[in-house]
Amino acid sequence: MTRPTSSDIHLSSKTEARHESLQVQLLIALTLGAGGSFLEELARTLGQGFVESVASTAAMVGWFATLLVFFRMWQLGTLDREGQYLRGAVDDERGRSLRLRAVYFAFVAMLVVQLGLELAAAVLESQGGPMLGARLAANLTFATGVIASLGGFLYLDRFH
Amino acid sequence: MADRLLNRLKVLRAMHDLTQADLAERVRVTRKSINAIERGRFVPSTELALRIAGVFKTSVEDVFQLPDSPTREWAGGPEADGT
């Protein structure tokens with residue numbers, strides 16, 4: 001194993017900071033995309049045309065931004081010249097451990113959302129309200145999963 | 001089982017004039033990981049502990065110890081730098 005130079009250390013710290021910034025951007029983009037899709041479906045269910053179109057636009061912007069962030073993350077990976085030192089700057093054993101905990105948190109969050117949907121559907125049905133569609137449930141579950149896992153990871157990474 | 005591992009990372013880093021980023025680079029982890037290990041918030045794998053000890057050219061036991069280890073030779077709080 002060769003000793004890293006000060007340039008390697010500088011590059012690694014920069015890569016770590018850039019990767020963290022991209023993760024925050026990804027969380028914002030996914031929240032906009034997945035949250036927008038959910039709101040669009042909810043507005044459609046409730047017959048709110050204006051809200052539906054606004055949410056639809058927000059979702060499209062969010063999904064496009066998500067693609068852009070993924071591209072920038074891929075680009076960051078290819079900038080890793082040797083791959084030897086810089087890989088550790090974005091993916092190490094603590095990161096993997098935190099990701100696992102974040103995924104577990106997201107799984108629990110999705111279960112809670114499913115339970116909430118069941119309750120909401122039962123209440124709406126008893127009151128003669130609108131039926132909750134499968135797409136609405138799927139969008140909410142998906143939004144919860146991606147936001148909780150990424151948000152959970154960023155929280156743990158920053159405060160733990 | 002001990003939930004925290006005592007360590008002398010801060011002391012050893014100071015002795016070798018290494019920053020957290022320097023050490024992180026040498027053992028190929030993030031600076032945050034070194035910080036978390038130093039503060040006793042993250043327990044490193046055996047492999048990482050060996051790599052860290054290797055940087056300081058010492059044994060793993062000289063860097064990390066269990067709080068209730070019968071062979072413990074150095075004292076310290078969870079952050080393990082003698083504080």
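I began with chain A, in which I counted 5 helices and 0 strands, so noted for a model that is predicted. Read along the sequence, its pattern is α-α-α-α-α. I then looked up burial and found that buried residues account for 26% of the 160 residues in chain A. For the contacts in chain A between residues at least 6 apart in sequence, I noted that 80% join residues at least 24 apart.

**Helix α5 of chain A**

I checked the length of helix α5 of chain A, residues 134-159, against expectation: at 1.5 Å a residue its 26 residues should span 38 Å, and the end C-alpha atoms lie 36 Å apart, which agrees. I next listed the buried residues of α5(A), which are A:Leu136, A:Asn139, A:Leu140, A:Ala143, A:Thr144, A:Ala148, A:Ser149, A:Leu150, A:Gly152 and A:Phe153. Beside that list I kept a general reminder: an α-helix has 3.6 residues a turn, so residues three or four places apart point the same way.

I also looked up A:Phe142, which is found in helix α5 of chain A. A:Phe142 counts as partly exposed because it has 17 C-beta neighbours inside 10 Å, whereas 20 or more would be needed for a residue to be buried. Its C-alpha atom is separated by 8.1 Å from that of A:Met110, although the two residues are 32 residues apart along the chain.

**Nonpolar cores**

Which residues touch the most other members of the largest nonpolar core? In this core of 18 residues, I found them to be A:Leu26, A:Leu30 and A:Phe38. At least two residues of this core come from each of α1 (6-46), α2 (49-78), α4 (93-126) and α5 of chain A. I followed A:Leu30 further and, leaving aside its neighbours within four places in sequence, found contacts with A:Gly62, A:Thr66, A:Val146, A:Ile147 and A:Leu150. Another core, of 14 residues, lies apart from the largest one, and its members include B:Leu23, B:Val27, B:Ile52 and B:Val63.

**Chain B**

I turned to chain B and counted 5 helices and 2 strands, which run β-α-α-α-α-α-β from the N terminus on. Of the 83 residues in chain B, 33% are buried. For contacts in chain B between residues at least 6 apart in sequence, the share that joins residues at least 24 apart is 60%.

I then examined the packing of helix α2 (residues 20-27) of chain B on helix α3 (residues 31-38) of chain B, where I recorded an angle of about 110° and axes 8 Å apart. This makes α2(B) roughly perpendicular to α3(B), because angles of 65 to 115 degrees count as such. On the α2(B) side the contact is made by B:Gln20, B:Ala21, B:Leu23 and B:Ala24, and on the α3(B) side by B:Arg31, B:Ser33, B:Ile34 and B:Asn35. I sorted the residues of this contact into 4 nonpolar, 3 polar and 1 charged.

**Positive phi in chain B**

As a general point, most residues other than glycine have a negative phi. I noted B:Asp17, which is not a glycine, with a positive phi of about 55°, in the loop between α1 (9-15) and α2 of chain B. I likewise noted B:Arg28, also not a glycine, with a positive phi of about 60°, in the loop between α2 and α3 of chain B.

Is B:Arg28 buried or exposed? B:Arg28 counts as buried because it has 20 C-beta neighbours inside 10 Å. B:Asp17, with 7 C-beta neighbours inside 10 Å, counts as exposed.

How values were computed:
Residues numbered from 1 in each chain as written. Chains lettered and ligands numbered in written order. Predicted model: local features only at pLDDT ≥ 70, side-chain atom pairs only at ≥ 80, totals over all residues. Helix = DSSP H or I, 4+ residues; strand = E, 2+ residues; numbered from the N terminus. Expected span 1.5 Å × (residues − 1). Buried ≥ 20, exposed ≤ 12 C-beta atoms within 10 Å, placed from the backbone. Core = buried A, V, L, I, M, F, W, Y, C linked by C-beta atoms within 7 Å. Contact = placed C-beta atoms within 7 Å. Axes fitted to C-alpha atoms, helices over the stretch in contact; angles between N-to-C directions. Parallel < 35°, antiparallel > 145°, perpendicular 65-115°, else oblique. Nonpolar A, V, L, I, M, F, W, Y, C, P; charged D, E, K, R; others polar.
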